[in-house]
Amino acid sequence: PTASEITSGLKEALEKGTGISSDRLSLENGYLGNLDVKILFPEETRQVERTLRNLGLGSMCDQVITSLNRAAEDAAKEAKPIFTDAIKQMSFQDVQQILLGENNAATQYFQRTTTNSLSAKFSPIINNSLEKVEATKYWDDVMTRYNKVPLVKPVNTNLTAYVTEKAIQGLFVEIAKEELKIRQQVGARTSPLLQKVFGYAEREKK
C-alpha cells in the first residue's frame, strides 16, 4: 500500500473502533452491564460498602453503583468528536508507529493525546449527571450512615473526579478490544482498504 493508503486505512480503522466503543458505552447499561468497565465503589470506600451491606443496606449500595454508571454512560456520548480530532492530527510517523507497533499501540496513542480533553469534557457532564440521577444524594446518604457507625474512620471521596477517571479508563478498555479485533481478525476488516493495510502490517511484523 502507498503512504496515502496506509494513512487512510489506519484512520478509517481508528474512526470505526473509537466510534463503536463510544456508542457501546453510551447505551443504557453500557458501563453497568459490562464487567470489564463497570464502576464500583472507590477502592478507599470498599470497607464502607461491606459495612453497609452487612447492616442490611445492600439496596442503598446498589443505588450508588447504578447511579455512578449512569453518569459515565451520559458522558461517553461526548467522546467521539475528541477521538476524531486526535485522529485528524496524526502525522504519517504516528500512523506508521501505530500500524506496526504493539497490539495496543493505538490505544496508547489515544491515552497520551486525549485523556486531558476527555477529562475536561467529561467532568462537568458527569457532575451534572450525578446530580440528575441523585448519585450525590445516594452517596451522601451512604456516607452519612457509614460515618455514624461507631469507631469507623470518616471517608471523603471526590465523586466527580472518581467517576470521570473510571469512565475514561473504561473507554480505553473498549478501544483496546476493538484494536485487537481488527489486528487479529480478518473478518473485522470491513473494507478492501482495511484488508490491504492490515494485511501489509501483518507481513511486515513477521
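What share of the 206 residues in the protein chain is buried? I started my notebook with that one, and the answer is 48%. A note to myself before going on: this is a predicted model.

**Entry 1: the overall layout**

I looked up the secondary structure and got 9 helices and 0 strands. Reading from the N terminus, I wrote the order down as α-α-α-α-α-α-α-α-α. For the dimensions, I noted that the C-alpha trace spans about 70 × 30 × 25 Å along its principal axes. Then I checked the contacts between residues at least 6 apart in sequence, and 81% of them join residues at least 24 apart.

**Entry 2: α1 and α9**

Next I picked helix α1 (residues 3-26) and helix α9 (residues 192-205). Two packed helices are described by the angle between their axes and the distance between the axes, so I looked up both. The axes of α1 and α9 come within 9 Å and cross at roughly 105°. Because 65 to 115 degrees counts as roughly perpendicular, I put α1 down as roughly perpendicular to α9.

Which residues make the contact? On the α1 side I listed Glu5, Ile6, Ser8, Gly9, Leu10, Glu12 and Ala13. On the α9 side I listed Leu193, Leu194, Lys196, Val197, Phe198 and Tyr200. Sorted by type, the residues of this contact come out as 8 nonpolar, 2 polar and 3 charged.

**Entry 3: aromatic rings**

How many aromatic pairs does the structure hold? I found 4 of them. A pair of aromatic rings is described by the distance of the centres and the angle of the planes, so those are the values I copied out.

Phe83 and Phe110 came up as an edge-to-face pair, with 5.2 Å centre to centre and 75° between the planes. Phe83 sits in helix α4 (residues 80-88) and Phe110 in helix α6 (residues 105-132), so this pair ties together parts that are 27 residues apart in sequence. Are these two rings' residues buried or exposed? Phe83 is buried at a relative accessible area of 0%, and Phe110 is buried at 0% too.

Phe83 also pairs with Phe172; the ring centres are 6.4 Å apart and the planes are at 70°, so I wrote edge-to-face again. Phe172 belongs to helix α8 (residues 159-184), and this pair links parts of the chain 89 residues apart. At 6% relative accessibility, Phe172 counts as buried. With Tyr109 added, ring pairs link Phe83, Phe110 and Phe172 into a cluster.

While on α4, I checked its buried residues and got Ile82, Phe83, Thr84, Ala86 and Ile87. They pack against α1, α6 and α8.

**Entry 4: the nonpolar core**

Which members of the largest nonpolar core touch the most other members? The core has 59 residues, and the ones I was after are Tyr31, Phe110, Leu118, Phe122 and Val163. So Phe110 turns up in my notes twice, here in the core and earlier in the ring cluster.

I followed up on Val163. Leaving out residues up to four places away in sequence, Val163 touches Ile39, Leu68, Ala71, Ala72, Ile126 and Leu130.

**Entry 5: three single residues**

Thr51 was my pick from helix α2 (residues 46-54). Its relative accessibility is 14%, and since buried means under 20%, Thr51 counts as buried. Apart from residues up to four places away in sequence, Thr51 touches Tyr146 and Val149.

Where is Asn29? I found Asn29 in the loop between α1 and α2. The phi angle of Asn29 is near 70°, a positive value in a residue other than glycine. Asn29 is partly exposed, with a relative accessible area of 36%.

Last came Glu134, in the loop between α6 and α7 (135-147). Glu134 is partly exposed as well, at 37% relative accessibility. I also looked up its separation from Val64: the two residues are 70 apart along the chain, and their C-alpha atoms are separated by 8.8 Å.

Definitions and conventions:
Residues numbered from 1 in each chain as written. Predicted model: local features only at pLDDT ≥ 70, side-chain atom pairs only at ≥ 80, totals over all residues. Heavy atoms only, no water. Axes fitted to C-alpha atoms, helices over the stretch in contact; angles between N-to-C directions. Helix = DSSP H or I, 4+ residues; strand = E, 2+ residues; numbered from the N terminus. Parallel < 35°, antiparallel > 145°, perpendicular 65-115°, else oblique. Contact = heavy atoms within 4.5 Å. Nonpolar A, V, L, I, M, F, W, Y, C, P; charged D, E, K, R; others polar. Phe/Tyr/Trp six-rings, centres within 6.5 Å; stacked < 30°, edge-to-face > 60°. Buried < 20%, exposed > 50% of the residue type's maximum accessible area, 1.4 Å probe, protein only. Core = buried A, V, L, I, M, F, W, Y, C linked by side-chain atoms within 4.5 Å.
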